[in-house]
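The following note was prepared for a colleague who is beginning to read protein structures. Please keep the sequence and the model at hand while going through the numbered points.

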Amino acid sequence: MATVTLSLNGRPYEIACDDGQEERLQTLGIDLDRRVSDMARRLGPVADSRLLAMAALVIADELASARAVADASTQRAAERDAAAAADAVESMARRMDAIATRLSAP
């Protein structure tokens, strides 16, 4: 198991991760540090735990919004697929009717 030291608002945090995930964790840590540091500048003196909680809530909100967009996109795609399938079935039914009409003609 590897460890990575992240700097969040000027404080070091040692975080364990799976081997090979160090670079990804560093990248995520840099993004989190940017968010926390921006909040600290805007809010002034605030406890680290409160800053981290606020950053976590902002990220959770972004994730929820992204999931809602993805869910809506998936729903629209499913509706398009269902409509296309219904159109294909209707088209086949018309062709079958036409064939049946020709076969039953004298």
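How many helices and strands does the secondary structure of the protein come to?

1. Overall composition. The secondary structure consists of 2 helices and 2 strands. Read from the N terminus, the elements follow the order β-β-α-α. The reader should bear in mind throughout that this is a predicted model.

2. Overall dimensions. The protein has a radius of gyration of 28 Å, whereas a compact globule of 106 residues would have one near 13 Å. The C-alpha trace spans about 90 × 35 × 15 Å along its principal axes. These two descriptions should be read together when the model is turned on the screen.

3. Surface and burial. Which share of the 106 residues counts as buried? The figure is 14%. The accessible surface of the protein amounts to about 8100 Å², and carbon and sulfur atoms account for 58% of that surface. As for contacts between residues at least 6 apart in sequence, 25% of them join residues at least 24 apart.

4. The hairpin. Strand β1 covers residues 2-8 and strand β2 covers residues 11-17; the two pair in the antiparallel sense over 7 bridges. Within this pairing, Leu 6 stands opposite Tyr 13, a residue of β2. The strands form a hairpin with 2 residues between them. In the turn, Asn 9 has a positive phi of about 55°.

5. Salt bridges within helix α1. The structure holds 7 salt bridges. In one of them, the side chains of Arg 34 and Asp 31 meet with an N to O distance of 2.5 Å. Both residues belong to helix α1 (residues 22-43) and are 3 residues apart, about one turn of the helix. Asp 31 also meets the side chain of Arg 35 in a salt bridge, at 2.9 Å from N to O. Here the partners are 4 residues apart in helix α1, again about one turn. Asp 31 is partly exposed, with a relative accessible area of 27%, and Arg 34 is partly exposed as well, at 44%.

6. Arg 35 and the link between the helices. Is Arg 35 buried or exposed? Arg 35 counts as buried because its relative accessibility is 16%, and the limit for a buried residue is under 20%. Leaving aside neighbours within four places in sequence, Arg 35 is in contact with Val 58, Ile 59 and Glu 62. With Glu 62, Arg 35 forms a salt bridge in which the closest N and O atoms are 2.8 Å apart. Because Glu 62 lies in helix α2 and Arg 35 in helix α1, the pair ties together parts that are 27 residues apart in sequence. Glu 62 itself counts as partly exposed, at 38% relative accessibility.

7. The network. Which residues are linked in a network of salt bridges? They are Asp 31, Arg 34, Arg 35, Asp 38, Arg 41 and Glu 62. The pairs described in the two preceding points can be located within this network, including Arg 35 with Asp 31 and Arg 35 with Glu 62.

8. Ser 37 and a distant residue. Ser 37 has its place in helix α1. Its relative accessible area of 15% is the reason why Ser 37 is described as buried. How many residues apart in sequence are Ser 37 and Glu 79? They are 42 residues apart, and their C-alpha atoms are 43 Å apart in space.

9. A nonpolar patch. Val 89, Met 92 and Met 96 make a nonpolar surface patch of about 310 Å². Val 89 is found in helix α2, which covers residues 48-104. With a relative accessible area of 51%, Val 89 is exposed; the class is justified because exposed means over 50%.

10. Points to retain. For a second reading, the student may begin with the antiparallel pairing of β1 and β2. The salt bridge between Glu 62 and Arg 35 may be examined next, as it joins helix α2 to helix α1. The patch made by Val 89, Met 92 and Met 96 may be inspected last.

Notes. Residues numbered from 1 in each chain as written. Predicted model: local features only at pLDDT ≥ 70, side-chain atom pairs only at ≥ 80, totals over all residues. Heavy atoms only, no water. Patch = residues over 30% accessible without salt bridge, like charges linked within 9 Å, V, L, I, M, F, W, Y side chains within 5 Å. Areas by Shrake-Rupley, 256 points an atom, 1.4 Å probe, with all protein chains shown as cover. Salt bridge = Lys/Arg side-chain N within 4 Å of Asp/Glu carboxyl O. Buried < 20%, exposed > 50% of the residue type's maximum accessible area, 1.4 Å probe, protein only. Rg over C-alpha atoms; globule rule 2.2 N^0.38 Å. Contact = heavy atoms within 4.5 Å. Pairing = 2+ DSSP bridges.
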